[in-house]
Structures are given as structure tokens and as C-alpha cells.
Amino acid sequence: MNNEQNAFPIFGLIKENNIISTWLRNSYFITKEMSLTEHGLKHAEFVSNRALEIAKAIGSDKRNQDLVLSAAYMHDIGNFLSRTYHHYLGSMFLFEIFKDKIDIKDLTIIMQAVANHDKEEMKLVHPVSAMVVIADKSDVRRERVLENNIEKIKTDIHDRVNYSTIENKMVISSDKKIITLKLKIDTQVCPVMEYFEIFTSRMNYCRLSAEYLGYHFSLIINDFKLL
Ligand SMILES: [Fe+2]
Ligand SMILES: [Fe+2]
């Protein structure tokens, strides 16, 4: 167990759980098979690190840091069974796996965050849910386009947008109450307008989630402030 896991007891339990690591590996293969962007361990790690970064920056207590790290790490595990209902399935399975291992109050918050992270189902009921949404919806990166899909960037706008993103940073000002997503995109691969074509709804979820936390959400692409 490393230092991070020691500092976060719930996350420590989750990282050691063989079912979770198996399903994350499986989610990777399923989404690869479906020609989607990467949804395995790397996405889980990126989203959980970013969610923790947000939690620390906005001053969440240690318990909420542990909860957000855990929920973010597991938010996509349901993908191994169904893409459409992955948020509900993942959430329900967590109860089966952890009902005797995690306090029910903590598990409830994690389950809500997992169930609420996707699309129209998004209902913000707790700061942990809001932080998971911002971390997940802001994960746009070149590395998420799997090797077998690189050819597809010519025809698939989602792959093109991810492939064009060469830098992705989040800057949080707790004084000004602003969460800023800073992206560098290669406009030879994807013009900024195309980015907006599919990312308007994602950015809207980030905006609503930031507002839930009492923050303004801002988007800067190639040094242009767009939101
Ligand atoms: Fe998801
Ligand atoms: Fe995700």
C-alpha cells in the first residue's frame, strides 16, 4: 500500500479490490472493441487524480477527498456490461461489492456520484458528484484515442477532438472562485469550432457542476478565453 492509499482508507480498499481492477481492464477492452475512446485504467487514474486536485483546491475535508477519489476511480466500471447503462450498472454493483466493507453513508455518496455522472441522468446531490462530473467531462486528451482508431480521426469527430488535444490543465482559483480548463489543441487536426460542436454539452455539465460548488467554470483553448 503506498502513501496515498494510507492517507485515504476507502481508496486503499478499492485499489486492492480484484473485482474493480478486473472490470477496469475489461472496460478497456470493451471500449476498444467498440472503437470508443480509452475508458480503462488510464481514464480512471486521470479522472481520480483530477477530482482529488479539485477537492483539495476547493478545501474539501479529508473524508470528501477520499470519497471523490474513490468515486472518480470507479465511475466507469459498468462499461464492461453496457455502454448505455454503465453509470447505473456500475453504481448498483458497488453496493454488492462493498456493502460489508464501506460504511453505508460513504458508500451511498460514492454510488450516487457514479450513477449521476452521465448525460441527462446528471443530478447533483452532493459536492462529490459535482467534482466527479468536472473531472470526467474534462478528460479530453490525445492519448485517449487508441492506436487502432487513429485512422478514424478523419471520419469521427470524437476521435478528432481528443486527438487534437495536446495539453490539458485545470487551474482552480479558490479566491476568485473560478475553475478553468486550459487546453492546447492542434487546429490542423481539429478546428476550434468542431471542438464546440461536440463539447458544448460536456462544458455545460462542467459549468453546472462548478456552479453547484459555488464556482464559475471557464474554458481557455489555445490562450483564447471561450467561457
Ligand atoms: Fe461514463
Ligand atoms: Fe468517464
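Which residues in H4 meet which residues in H5? The legends below, which describe close-up views of a predicted model, begin with that contact.

**Figure 1. Packing of helix H4 (residues 41-57) with helix H5 (residues 62-74) in the predicted model.** From H4, the contact draws on Ala44, Val47, Ser48, Ala51, Leu52, Ala55 and Lys56, and these meet Asn64, Gln65, Val68, Leu69, Ala72 and Tyr73 in H5. By class, the residues of this contact comprise nine nonpolar, three polar and one charged. The two helix axes come within 8 Å and cross at roughly 155°. Because of that angle, H4 is roughly antiparallel to H5. The crossing in which H4 passes H5 is right-handed.

**Figure 2. Surroundings of His43 in helix H4.** His43 counts as buried because it has 25 C-beta neighbours inside 10 Å, the threshold for a buried residue being 20 or more. Leaving aside residues up to four places away in sequence, His43 touches Glu38, Asp76, Asp139 and Arg144. Leu146 is 103 residues apart from His43 along the chain, and the C-alpha atoms of the two are separated by 12 Å.

**Figure 3. Packing of helix H5 with helix H8 (residues 127-137).** The axes of H5 and H8 are 9 Å apart, and the helices pack at an angle of about 45°. H5 is therefore oblique to H8. Their crossing is right-handed. On the H5 side, Asn64, Leu67, Val68, Ala71 and Ala72 take part, meeting Pro127, Val128, Met131, Val132 and Ala135 in H8. The contact of H5 with H8 has nine nonpolar residues, one polar residue and no charged residues. Val68 of H5 belongs to this contact and also to the contact with H4; Asn64 and Ala72 likewise appear in the contact with H8 and in that with H4.

**Figure 4. The open sheet of four strands.** The strands lie in the order E1-E2-E3-E4, with mixed pairing. Strand E1 (165-173) and strand E4 (224-225) form the edges, each pairing on one side only. E1 and E2 run antiparallel and are joined by eight bridges. Strand E2 (residues 178-185) and strand E3 (residues 216-221), by contrast, run parallel and are joined by six bridges. Within the pairing of E2 with E3, Leu183 is placed opposite Ile221 in E3.

**Figure 5. The hairpin of strands E1 and E2.** Four residues lie between the two strands, and Lys177 takes a positive phi near 60°. Facing pairs in the hairpin include Ile172, opposite Ile179 in E2, and Thr165, opposite Ile185 in E2. The covered face of E2 carries Ile179, Leu181, Leu183 and Ile185, whereas Ile178, Thr180, Lys182 and Lys184 make up the uncovered face.

**Figure 6. Surroundings of Ile179 in strand E2.** Ile179 is buried because 26 other C-beta atoms lie within 10 Å, where 20 or more are required. Apart from residues up to four places away in sequence, the contacts of Ile179 are Ile134, Met170, Ile172, Ala210, Tyr215 and Phe217. One of these, Ile172, is also the residue that stands opposite Ile179 across the hairpin. Ile179 and Arg207 are 28 residues apart in sequence, and their C-alpha atoms are 9.1 Å apart in space.

**Figure 7. The buried residues of helix H9 (residues 157-164) and their cover.** In H9, the buried residues are Asp159, Val161, Asn162, Tyr163 and Ser164. Among the elements that cover them are strands E1 and E2 and helix H10 (192-212).

Methods:
Residues numbered from 1 in each chain as written. Chains lettered and ligands numbered in written order. Predicted model: local features only at pLDDT ≥ 70, side-chain atom pairs only at ≥ 80, totals over all residues. Pairing = 2+ DSSP bridges. Buried ≥ 20, exposed ≤ 12 C-beta atoms within 10 Å, placed from the backbone. Contact = placed C-beta atoms within 7 Å. Axes fitted to C-alpha atoms, helices over the stretch in contact; angles between N-to-C directions. Parallel < 35°, antiparallel > 145°, perpendicular 65-115°, else oblique. Left-handed = near helix turned anticlockwise from the far one by under 90°. Nonpolar A, V, L, I, M, F, W, Y, C, P; charged D, E, K, R; others polar.
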